[in-house]
Amino acid sequence: MASGWRYRLGSVFGAVGLSIIAVGVANVETVQAGFSLLPVVGHLPFDPARGSEFAFEAATTAIVLVAALVPLYKPRPRRILDTAELASRRVLLACIALAGIGYFDYTYRLPRATLLVVSALLFLTVPAWFVAIRRRPRGADGRTVIVGDNPETMADILEAVDSDVIGYVSPPSAYFGSSEPRREIPASTDGGTHERLDELACLGGLSRLDEVLVEYDIDTVALAFTHTDRAEFFGALDTCFEHGVAAKAHRDHADVVLLDGTASGELVDVDLEPWDPLDHVTKRLFDVAFSGVGLVALSPVMLAIAVAIKLDDGGSILYKQERTAAFGDTFRVCKFRSMVEDVEDAEPVDDEENPYITRVGAVIRRTHLDEIPQLWSIFKGDMSVVGPRAAWVEEEPELESVTDDWRKRWFVKPGLTGLAQINGVTSTDPEEKLRYDIEYIRRRSFWFDLKIVVRQVWKVLADLVE
């Protein structure tokens, strides 16, 4: 990734150059002739610009685009998809601004046909340009920072890392956070481990991890935590994912992370993005389309269920619960209430043995209609249509006590349906459920998702008929 002033200059001059090229292409006669063949918009007239008129149109476009792209000028290790998405949003803002300028009587405003051609070209070229200049330099692990709270593990990682270690990020602990160490670190046989660790620069606490990754242009984060807790360990992984930074963990934590390859040596590569980029985009587009159409098409059904629940016992219509999202984050999921209010138990129970299910609840649970409000969570991006089922936060300690690999499910978004659901496996059998979830992660693809969706729809229809 280009960094510092070179990146900033590349960003600004790239935006200016692409603006000039786009306006120039829009004024080519061949392009204008092709545009006139398009339906709906082909009738819009062009006003070919030459000389000073062209200069003013190009300058107007460049100034507006450069101003709209300001958030992208700060060098930071964004993921490719995030870079393209942000650039596309800022181009859209620039195009709206240009259309607004054209609404007024501005002498050198862009004609509407020219604006459409310029907008299309900028949507294609600007995201591609910013993806190209953010590309990380080739090399081993690049610039590395150690993040954790365990000084012994940090010392081990320091010995195992071959790349340039910039420093460490750590919360206050028994070793870090006081002027005198209260916890002794066993020195290595050559007497160098403790001294090398002391020489590392402290870059701040975990709350500054985002800033550290940007400020020091970090390529790799090596995690050295005592426990793989939800807040710190998986929070650090989430930050790495958001910034497009590679993550490594100590082999002692290999059982709770998805591995990018085989676990060998002191450090293992964490697979932060299990999905192929194309499948990732396709999956998100499918999620938005599926949930959007579902919310509109099923609105009469939702109204009928809401009325039935209200008439049944007069209680609340929706049931809200904290569920686990990707990387241990949490979100509030909504379902149609199917049990009497104020009754929750973390221990998984089969529906046949649950005495708290209401009359309406028994019907909507058997037909899966209680799940409809989760389409909103899918539309927002908290969930996906297909993935491991989102587990209740209070329930997960019970499930983790049965199987050690449970947290590997946290590396993909939870889903409305999944491989375990279509095979009738629930949280009452956590080991079997985890086996299906890990198999889904291993076989993940958009076409595999479609197969699961078809089987789930067939299952719902069969339950409705029954």
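# A tour from pocket to sheet to helix

Select helix 10 (277–297). Of the elements around the second largest pocket, helix 10 gives the most to the lining, with seven residues. Keep in mind that this is a predicted model.

**Stop 1: the second largest pocket**

Stay at this pocket. Its volume is about 960 Å³. Now add helix 4 (80–103), helix 9, strand 8 (330–336) and strand 9 (384–386) to the selection. Together with helix 10, these are the elements that give two or more residues to the lining.

Which residues lie nearest the centre of the second largest pocket? Pick Arg 79, Phe 241, His 280, Arg 284 and Lys 413. They belong to a lining of 37 residues. By class, that lining has 19 nonpolar, 13 charged and five polar residues.

**Stop 2: the largest cavity**

Keep Lys 413 selected. Lys 413 also lines the largest cavity. The structure holds two cavities of 30 Å³ or more, and the largest has a volume of about 70 Å³.

To see its walls, select Thr 324 and Ala 325, then Pro 388, Arg 389, Ala 390 and Ala 391. Add Glu 396, Arg 409, Trp 410, Val 412 and Pro 414. With Lys 413, that completes the lining. It divides into seven nonpolar, four charged and one polar.

**Stop 3: the six-stranded sheet**

Next, show the strands. Six of them form an open sheet in the order 3-2-1-4-5-6, with mixed pairing. Look at the edges, where strand 3 (201–202) and strand 6 (267–269) each have a single partner strand, so one side of each is left without a neighbour in the sheet.

Now select strand 4, residues 220–224. Is strand 4 mostly covered or mostly open? It is mostly covered, with five of its five residues buried. Turn the strand to check both faces. Thr 220, Ala 222 and Ala 224 are buried on one side. Val 221 and Leu 223 are buried on the other.

Look to the neighbours of strand 4. Strand 1 (residues 143–148) runs parallel to strand 4, and five bridges join the two. Click Val 147 to find one of the pairs: its bridge partner in strand 4 is Leu 223.

Strand 5 (residues 246–250) also pairs with strand 4 in the parallel sense, over four bridges. Here, select Val 221, which stands opposite Ala 247 in strand 5.

How do strand 4 and strand 5 connect? Add helix 9 (residues 233–243). Strand 4, helix 9 and strand 5 make a right-handed β-α-β unit. Helix 9 was on the earlier list too, as one of the elements lining the second largest pocket.

**Stop 4: a loop residue**

Move to the loop between helix 12 (359–366) and helix 13 (374–380), and select His 368. What is its phi? It is near 65°, a positive value in a residue other than glycine. His 368 counts as partly exposed, at 26% relative accessibility.

**Stop 5: helix 16**

Finish at helix 16, residues 430–443. Its 14 residues reach 20 Å from the first C-alpha to the last. That is close to the 20 Å expected at 1.5 Å a residue.

Colour its buried residues: Pro 430, Lys 433, Leu 434, Tyr 436, Asp 437, Glu 439, Tyr 440 and Ile 441. In an α-helix, residues three or four places apart point the same way, because there are 3.6 residues a turn.

Definitions and conventions:
Residues numbered from 1 in each chain as written. Predicted model: local features only at pLDDT ≥ 70, side-chain atom pairs only at ≥ 80, totals over all residues. Heavy atoms only, no water. Buried < 20%, exposed > 50% of the residue type's maximum accessible area, 1.4 Å probe, protein only. Pairing = 2+ DSSP bridges. Right-handed = clockwise from strand over helix to strand, strands pointing away. 1 Å grid on protein atoms, 1.4 Å probe; cavity = no way out; pocket = protein on both sides within 12 Å on 5 of 7 lines; lining within 4 Å. Points joined across faces, edges and corners; volume = space filled by probe spheres on them. Nonpolar A, V, L, I, M, F, W, Y, C, P; charged D, E, K, R; others polar. Expected span 1.5 Å × (residues − 1).
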